[in-house]
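Take a moment to get the chain in view before reading on. The report below is a short guided walk for someone meeting it for the first time.

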Amino acid sequence: QVQVVESGGGLVQAGGSLRLSCAASERSFSLYVIGWFRQAPGKEREGVSCIGLSGGITNNTDSVKGRFIISRDNAKNTVDLQMNKLNPEDTGVYYCAAVWAGTDQSRCLLKPAPHILWGQGTQVTVSS
């Protein structure tokens, strides 16, 4: 099964940008839908952004719409999350997650699902 590893977190001032990257271990990566989740201290993990198998379908949670852009490169086995206009409420540990979707082009991973595979997470801190 695929393994995913996040990178790109860090400390940024409010209004700034960060780009997170999720790298996968297998060539079957193109059969997995990918979602980015985050967890702030004392809060439940929430779905932030997701992308379908070929990148034709994307979805963002309301709080990041117009600010975050998700993209994938199946040739490189990577999914990136470009985060713009960051604010302190975006602070948290960001997790990349994958679920095997086979040929289901309509699927997007914005909520945890059975057999979900998690990365180890990367910290994003936005200072005011």
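What follows covers a sheet, a hairpin, some charged pairs and the nonpolar cores of this predicted model.

## The four-stranded sheet

Let's start with an open sheet of 4 strands, in the order β1-β3-β8-β7, with antiparallel pairing. At the edges stand β1 (4-7) and β7 (68-73); each has a single partner strand, so one side of each is left without a neighbour in the sheet. From one strand to the next, the twist averages 15°.

If strands are new to you, here is the general idea: strands of a sheet pair through backbone hydrogen bonds, either parallel or antiparallel.

## The edge strand β7 and its hairpin

Now follow β7 and its partner. β7 and β8 (residues 78-83) run antiparallel and are joined by 6 bridges. You can pick out some of the pairs: D73 has T78 of β8 as its bridge partner, and R72 stands opposite V79 in β8. Between the strands of this β7 and β8 hairpin there are 4 residues, and N77 takes a positive phi near 55°.

Which residues of β7 make up its covered face, and which its uncovered one? F68, I70 and R72 are on the covered face, while I69, S71 and D73 are on the uncovered one. That fits a general pattern: in a regular strand the side chains alternate between the two faces of the sheet.

## R38, a buried arginine

Next, look for R38 in strand β4 (residues 32-39). Is R38 buried or exposed? Its relative accessibility is 6%, and since anything under 20% is called buried, R38 counts as buried.

The R38 side chain has polar company. One polar contact, of 3.3 Å, joins it to the side chain of S63, and another, of 2.9 Å, joins it to the side chain of D90. Setting aside neighbours within four places in sequence, R38 is also in contact with other residues, including E44, R45, V48, V64, F68, E89, V93 and Y94.

## Salt bridges

How many salt bridges does a search of the whole structure find? The search finds 5. One of them is between the side chains of R19 and D80, at 3.2 Å from N to O. R19 lies in strand β3 (residues 18-24) and D80 in strand β8, so this pair ties together parts that are 61 residues apart in sequence. The two ends sit in different settings by their labels: R19 is partly exposed, with a relative accessible area of 45%, whereas D80 is buried, at 16%.

Another salt bridge brings together the side chains of R67 and D90, at 2.8 Å from N to O. This pair links distant parts of the chain, 23 residues apart: R67 is in the loop between β6 (58-60) and β7, and D90 is in the loop between β8 and β9 (92-100). R67 is buried, with a relative accessible area of 11%, and D90 counts as buried too, at 1% relative accessibility. Here R38 comes back into the story: R38, E46, R67 and D90 are linked in a network of salt bridges.

D62 and K65 also form a salt bridge through their side chains, at 3.1 Å from N to O. D62 is exposed, with a relative accessible area of 61%, and K65 counts as partly exposed, at 46%.

## The nonpolar cores

One more bit of background: in soluble globular proteins, nonpolar side chains tend to be buried together. In this model, the largest nonpolar core has 26 residues, and those with the most contacts inside it are I34, W36, F68, V79, M83 and Y94. At least two residues of this core come from each of β3, β4, β5 (46-51), β7, β8, β9 and β11 (122-127). β3 gives the most, with 4 residues.

Y94 is a handy place to see several threads meet. Not counting residues up to four places away in sequence, Y94 touches W36, F68 and M83, among others, and those three also belong to the list of residues with the most contacts inside the core. Y94 touches R38 as well, the buried arginine from earlier.

There is also a second, separate core of 9 residues, which includes V33, F37, L53 and L109. F37 is among the residues that Y94 touches.

Methods
Residues numbered from 1 in each chain as written. Predicted model: local features only at pLDDT ≥ 70, side-chain atom pairs only at ≥ 80, totals over all residues. Heavy atoms only, no water. Pairing = 2+ DSSP bridges. Axes fitted to C-alpha atoms, helices over the stretch in contact; angles between N-to-C directions. Buried < 20%, exposed > 50% of the residue type's maximum accessible area, 1.4 Å probe, protein only. Polar contact = N/O pair within 3.5 Å; in protein donor to acceptor, adjacent residues only side chain to side chain. Contact = heavy atoms within 4.5 Å. Salt bridge = Lys/Arg side-chain N within 4 Å of Asp/Glu carboxyl O. Core = buried A, V, L, I, M, F, W, Y, C linked by side-chain atoms within 4.5 Å.
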